[in-house]
4 protein chains.
Amino acid sequence: MITSEKAHRVIAAGEAKAKEIGQPMNIAVVDAGTNLKAFTRMDGAWLGSIDIAINKAFTAKAFDLSTKELGQNSQPGDQFYGIQESNHGRVMIFAGGVPLVVDGKIVGAVGVSGGSGVQDQSVAEAAAAVCK
Amino acid sequence: MITSEKAHRVIAAGEAKAKEIGQPMNIAVVDAGTNLKAFTRMDGAWLGSIDIAINKAFTAKAFDLSTKELGQNSQPGDQFYGIQESNHGRVMIFAGGVPLVVDGKIVGAVGVSGGSGVQDQSVAEAAAAVCK
Amino acid sequence: MITSEKAHRVIAAGEAKAKEIGQPMNIAVVDAGTNLKAFTRMDGAWLGSIDIAINKAFTAKAFDLSTKELGQNSQPGDQFYGIQESNHGRVMIFAGGVPLVVDGKIVGAVGVSGGSGVQDQSVAEAAAAVCK
Amino acid sequence: MITSEKAHRVIAAGEAKAKEIGQPMNIAVVDAGTNLKAFTRMDGAWLGSIDIAINKAFTAKAFDLSTKELGQNSQPGDQFYGIQESNHGRVMIFAGGVPLVVDGKIVGAVGVSGGSGVQDQSVAEAAAAVCK
């Protein structure tokens, strides 16, 4: 289970990384049931990324893998091409969604949006590292 | 403008009140543009109230008044009856959404959901009081 | 946690009750995260009730109480009037959704639709009784 | 017509195959009208695949062919490219949805999601074989 206290530590770690790279982010945490647990939009972060951060977190838990990996299997011709149409438009297939793992078990996920794919991924990984 | 720092203080004040009355809550803060700024779901709070807390905050800023007051004008026969069908189902017409006022100006709103109408309202008012 | 095996026993108990009262039903079971675990539409049951059964189960877990009780607080003038607009139309406020309780803890919910409110409720209660 | 009894046998055959290959699955059955007849989520199966399994079954009956074949005609440049935008996002264009054929007539479809495309397809084919 992901507690409120742990969710906030995940977000704080993401915010620290975002400040380090100088890019404000939207950061969302969902629990094991894909339900939103905590969210923050840093000052100056994109408004269009509120939805994306939440949905990246949803996607990473819904399929128990990072959105980056899912995206690598969802290009035209790939085995999951078209998956982004499912789940009422909530499936995000680019970098920034990472599962949260505690004692080898996926207990939730973090989703980050507000910069480039590389930036989003680095912030998500820094946030997720708190759980390990 | 509502900063990330202020949004978190609003939520912390709401959490403190929720703990005081012994009812876990979902608490959301939106900015002047009705866009989500911060959110938390306290441990044990209702899952169905994630959406409601966010939408109460949306509603309180979208119409610049509390959802409790809006609800009092939206019952069958009232002047705003039917307003809950607008804005893609995002308009909440029961207590728990309160505008955030700084120096006499509405800069955002807080939405609270997880208990009775009276409980939600008391937590939202305690959260909003931080801004004054 | 509600296992697949337990979900099927809940449905089987509901089906038995539905046959006893001679009314074919749609029966859905969701887990603690409100995610669908199992569903069946008995032969002859209403097609419009597929969605309703699933959403009654969603609602009963999302608010940790029966849809019958929720409905009693959601009539015009009541504290939760308007709640049915939230959660993207998934909140059902009439009888037939009942939480599943194991060892005093709510682990999911069952939703039943296909007959009158009294019939739906009796089948849902018979289904939920399996968990006790 | 696909009876409730037959739908459950289709799902049971799919579950048996899923256990054999060691990959938990979401399995859905729809009738000739594309309406959900039965569904199960095996313990440990992906939450994001609930919607996908149901929509693969929908798609396979809606177009009376497997989602794998449909997908082969829906890549960029193909005759059906863009079909996944139709039907409110319910059209799935990757493997795992297979029509159910009885006496040479399509009476419904099964949709499977929870593993790789190859795994989903093998489970769907094993499930559909029950009808023949």
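The following paragraphs describe the interfaces that chain C forms with chains D and B, and the cavities of the assembly, in a predicted model.

Chains C and D are considered first. Chain C is superposed on chain D by a rotation of 180° accompanied by a shift of 0.1 Å along the rotation axis, with an RMSD of 0.1 Å. This is the relation of a two-fold axis. Within chain C, the C-alpha nearest that axis belongs to C:Phe39, at 2.4 Å from it. Both copies use the same surface in this pairing, since 95% of the contact residues of chain C recur in chain D.

The contact between these two chains involves 19 residues of chain C and 18 residues of chain D. Together they bury about 1400 Å², and carbon and sulfur atoms account for 42% of this area. Three residues, C:Leu36, C:Lys37 and C:Arg41, supply 36% of what chain C buries against chain D, more than any other three residues. Polar interactions across this interface comprise 15 residue pairs in polar contact, counted where both residues have pLDDT 80 or more. Salt bridges between chain C and chain D number 4. One salt bridge joins D:Lys37 to C:Asp43, with the closest N and O atoms 2.7 Å apart.

The pairing of chain C with chain B follows another symmetry operation. A turn of 90° with a shift of 0.3 Å along the axis lays chain C on chain B, the RMSD being 0.1 Å. Such an operation is the relation of a four-fold axis. Only 18% of the interface residues of chain C are also interface residues in chain B, and the copies therefore meet through different surfaces.

In this second interface, 17 residues of chain C are in contact with 19 residues of chain B. The buried area is about 1500 Å², with 58% contributed by carbon and sulfur atoms. No salt bridges are found, the count across the interface of chain C and chain B being 0. Polar contacts nevertheless occur, in 7 residue pairs with both members at pLDDT 80 or more. The side of chain C that touches chain B consists of 7 nonpolar, 8 polar and 2 charged residues.

Enclosed space was examined next. The structure contains 2 cavities of 30 Å³ or more. The largest cavity holds about 40 Å³ of space. Residues of chains A and D form its lining: A:Phe63, A:Phe80 and A:Ile83 on one chain, and D:Trp46, D:Ser49, D:Ile52, D:Phe94, D:Ser113, D:Gly114 and D:Gly115 on the other. By class, this lining has 6 nonpolar and 4 polar residues, and no charged residue.

The second largest cavity has a volume of about 30 Å³. Chain C provides C:Phe63, C:Phe80 and C:Ile83 to its lining, while chain B provides B:Trp46, B:Ser49, B:Ile52, B:Phe94, B:Ser113, B:Gly114, B:Gly115 and B:Asp120. The lining of the second largest cavity divides into 6 nonpolar, 4 polar and 1 charged residues. Residues of chains B and C thus line this cavity, and these chains are the pair related by the turn of 90°.

Definitions and conventions: Residues numbered from 1 in each chain as written. Chains lettered and ligands numbered in written order. Predicted model: local features only at pLDDT ≥ 70, side-chain atom pairs only at ≥ 80, totals over all residues. Heavy atoms only, no water. Least-squares fit on C-alpha atoms with pLDDT ≥ 70 in both. Contact = heavy atoms within 4.5 Å. Buried area = accessible area lost by both parts, 1.4 Å probe. Salt bridge = Lys/Arg side-chain N within 4 Å of Asp/Glu carboxyl O. Polar contact = N/O pair within 3.5 Å; in protein donor to acceptor, adjacent residues only side chain to side chain. Nonpolar A, V, L, I, M, F, W, Y, C, P; charged D, E, K, R; others polar. 1 Å grid on protein atoms, 1.4 Å probe; cavity = no way out; pocket = protein on both sides within 12 Å on 5 of 7 lines; lining within 4 Å. Points joined across faces, edges and corners; volume = space filled by probe spheres on them.
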